[in-house]
Amino acid sequence: MRSRIDLHTHSTASDGTLTPAELVRAAAEAGLDVLALTDHDTTAGWASAVRALPPGLRLVRGAEISCRWFGTEPAVPLHLLAYLFDPDAPELVAELARVRAAREERGERIVALLRADGIDVSWPEILAGAAGGTVGRPHIAQALIRAGLVTTTNEAFGPDWLGERYRLPKEDIEVFHAVRLVRAAGGVPVFAHPRATRRGRIVPDALIAELATVGLAGLEADHEDHSPAERAHVRALAGELGLVVTGSSDFHGTHKTVRLGAHTTTEEAYERIVAEASGVTGVAYG
Ligand code: AMP
Ligand code: FE
Ligand code: FE
Ligand code: ZN
């Protein structure tokens, strides 16, 4: 039987709702053979995920790195999945810490904007909701739900709220620098949902081709934020550039409706990613 491989998920170490231990158990229950833990800008969930790994499940330790492309004005935010990198590589560690701090500062400013409009949300309460994990807009969305202003996370990301009116940029990592840092740390970088127009602006294919020349390894094609046409486009582009194609759920627990294993990656693609990793972090076996 073919393996079921999901290479993009979030835990309470960032904006997911299952702890890393709960997440690996849920992955086994969902019938997955390989799971990647890819919390936003942190490796804080790795150790407890490894400790809780159920027999038969393989864990790819990773992260989803907040990046920005400054080749156009205003700069375009994008997400880089990074797999199997050294979590102690000093430059990468420093950049991730900087981004996490910038996320907190930006979250606090979003809350100030909301409060200036008389909306009763509090920053300490939102920080408490993140419980030490990387803070993101989903945590602010939960405060809007608790205040009875919206009913779903999706609604909180609408234009009247965190999607536009109360949206502020964060200080991300320059994308070429991020690709190089991930490779230097022995990791394998894959561009997350590169064509997700429904999330906002996207980067041109020419930029993806340039990133491929400095070490980008793959493109995530099968993702719930891609239409069938967008998936086909990403697949074709990956073919042209010789990049690995992945598919994944981007599971966030109850912060999103998508289920574990909703999209998956082929064994061939997974094997290529593992073979390209050259760092101290191997696949962990449960
Ligand atoms: P941030 O990282 O703070 O900019 O917030 C972006 C995060 O919000 C993404 O990683 C998603 O997890 C989440 N997100 C974005 N849009 C939605 C949506 N419509 N519904 C639920 N979560 C969303
Ligand atoms: Fe997220
Ligand atoms: Fe993402
Ligand atoms: Zn994600």
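This passage describes the metal site, the ligand pocket and a few backbone features of a predicted model.

We can begin with the metal. In the predicted structure, the iron ion (ligand 3) is held by three protein donors, namely Glu64 through OE, His79 through ND1 and His193 through NE2, at 2.0 to 2.2 Å. Along the chain, these donors follow the spacing E-x14-H-x113-H. His79 belongs to strand E4 (residues 76–83), while His193 is placed in the loop between strand E6 (188–191) and helix H8 (205–214), so the two histidines tie together parts that are 114 residues apart in sequence. Both His79 and His193 are buried. A second iron ion (ligand 2) lies 5.7 Å from the iron ion (ligand 3).

The backbone at His193 also deserves a look. Although His193 is not a glycine, its phi is positive, at about 25°. With a relative accessible area of 8%, His193 falls under the 20% limit for a buried residue.

Attention now turns to ligand 1, which sits in the largest pocket. There are 14 residues around ligand 1, and His40, Arg106, Arg137, Asn154 and His252 come nearest. Three helices, H3 (90–116), H5 (137–146) and H6 (153–156), each supply at least two residues of the shell around this ligand. Several polar side chains can be followed to individual ligand atoms. An N or O atom in the side chain of His252 is 2.6 Å from an oxygen atom of ligand 1, and a polar side-chain atom of Asn154 is 2.7 Å from a nitrogen atom of the ligand. The side chain of Arg103 likewise places an N or O atom 3.0 Å from an oxygen atom of ligand 1. On its own, ligand 1 has 500 Å² of accessible area, and the protein covers 86% of this.

Two further backbone features round out the picture. Asp250 lies in the loop between strand E8 (244–247) and helix H10 (267–276). Its phi is near 60°, a positive value in a residue other than glycine. Asp250 is buried as well, with a relative accessibility of 1%. Elsewhere, the peptide bond from Glu73 to Pro74 is cis, and its omega is near -5°. Pro74 is part of the loop between strand E3 (58–69) and E4, and strand E4 is the element that carries the iron donor His79.

Definitions and conventions:
Residues numbered from 1 in each chain as written. Chains lettered and ligands numbered in written order. Predicted model: local features only at pLDDT ≥ 70, side-chain atom pairs only at ≥ 80, totals over all residues. Heavy atoms only, no water. Donors = N, O, S within 2.8 Å, 3.2 Å for Na, K, Ca; no water. Helix = DSSP H or I, 4+ residues; strand = E, 2+ residues; numbered from the N terminus. Buried < 20%, exposed > 50% of the residue type's maximum accessible area, 1.4 Å probe, protein only. Near = heavy atom within 4 Å. Polar contact = N/O pair within 3.5 Å; in protein donor to acceptor, adjacent residues only side chain to side chain. Areas by Shrake-Rupley, 256 points an atom, 1.4 Å probe, with all protein chains shown as cover. 1 Å grid on protein atoms, 1.4 Å probe; cavity = no way out; pocket = protein on both sides within 12 Å on 5 of 7 lines; lining within 4 Å. Sits in = over half its atoms within 2 Å of the grid points.
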